[in-house]
Amino acid sequence: ILMPRMPGGNVAAAFKSDPELKNIPIVWLTAAIRPSQIAESGGKICDYPCLAKPPNLDEIIKSIETYARAD
């Protein structure tokens, strides 16, 4: 989310508006937000799922299974 040249929200918006990239799943991985804050927002930031650093292995696997699976 906090990146040096372009904020993560802008990157996500660019992906969403690009026909070739719009179907690529995005899951935030951030140290900027505590797990309790992520839980309060329903597990999403800018309408994308989010994991707080350091995620545990179960969280990573669940995110891959949920958001990165091929349809």
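A residue counts as buried when its relative accessible area is under 20%, as exposed when that area is over 50%, and as partly exposed in between. By this rule, buried residues make up 18% of the 71 residues in the chain. The structure is a predicted model, with a mean pLDDT of 85 for the chain. The chain holds 3 helices and 3 strands, and the strands form an open sheet.

**Overall layout**

- Read along the sequence, the elements follow the pattern α-β-α-β-β-α.
- The C-alpha trace spans about 35 × 30 × 20 Å along its principal axes.
- The accessible surface of the chain comes to about 5400 Å². Carbon and sulfur atoms account for 57% of that surface.
- Among the contacts with a separation of 6 or more, 25% are between residues 24 or more positions apart.

**Confidence**

- In this chain, 96% of the residues reach a pLDDT of 70 or more.
- Strand 3, residues 48-52, has the highest mean pLDDT among the elements, at 89.
- Strand 2, residues 44-45, has the lowest mean among the elements, at 82.

**The sheet**

- The 3 strands are arranged in the order 1-3-2, and their pairing is mixed.
- Strand 1 (28-30) and strand 2 stand at the edges of the sheet. Each has a single partner strand, so one side of each is left without a neighbour in the sheet.
- Strand 1 pairs with strand 3 in the parallel sense, over 3 bridges.
- Two of the residues bridged to strand 3 can be followed in the structure: Trp28 has Cys50 as its bridge partner, and Thr30 has Ala52.
- Strand 2 pairs with strand 3 in the antiparallel sense, over 2 bridges. Ile45 has Tyr48 of strand 3 as its bridge partner.
- Strand 2 and strand 3 also form a hairpin, with 2 residues between them. Cys46, in the turn of this hairpin, has a positive phi of about 55 degrees.
- Strand 3 is mostly covered, since 5 of its 5 residues are buried, each with a relative accessible area under 20%.

**Helix 3 and its nonpolar patch**

- Helix 3 covers residues 57-67 and includes Leu57. Ile64 is found in helix 3 as well.
- Leu57 has a relative accessible area of 59%. This value is over 50%, so Leu57 counts as exposed.
- Ile64 has a relative accessibility of 49%. This value lies between the 20% and 50% cut-offs, so Ile64 counts as partly exposed.
- Leu57 and Ile64 belong to a nonpolar surface patch that also includes Ile60 and Ile61. The area of the patch is about 350 Å².
- Leu57 and Pro7 are 50 residues apart in sequence. In space, their C-alpha atoms are 26 Å apart.

**Points to locate in the structure**

- Which strand lies between the two edge strands? The order 1-3-2 places strand 3 there.
- Where is Cys46? Cys46 is in the turn of the hairpin formed by strand 2 and strand 3.
- Which residues make the nonpolar surface patch? The patch is made by Leu57, Ile60, Ile61 and Ile64.

Note on methods:
Residues are numbered from 1 along each chain as its sequence is written. This is a predicted model: local features need pLDDT of at least 70, side-chain atom pairs count only at pLDDT 80 or more; totals for chains, interfaces and linings use all residues. Side-chain values use heavy atoms; hydrogens and water are left out. Helices (H or I, at least four residues) and strands (E, at least two) are DSSP runs, numbered from the N terminus. Buried means under 20% relative accessible area, exposed over 50%, partly exposed in between (1.4 Å probe, protein chains only). Patches are made of residues with over 30% relative accessible area and no salt bridge: like charges are joined within 9 Å, nonpolar side chains (Val, Leu, Ile, Met, Phe, Trp, Tyr) within 5 Å. Accessible areas come from the Shrake-Rupley method with a 1.4 Å probe; for residues, only the protein chains shown count as cover. A salt bridge is a side-chain nitrogen of Lys or Arg within 4 Å of a carboxyl oxygen of Asp or Glu. pLDDT is the predictor's confidence in each residue, from 0 to 100. Contact means heavy atoms within 4.5 Å. Two strands pair if DSSP finds at least two bridges between them.
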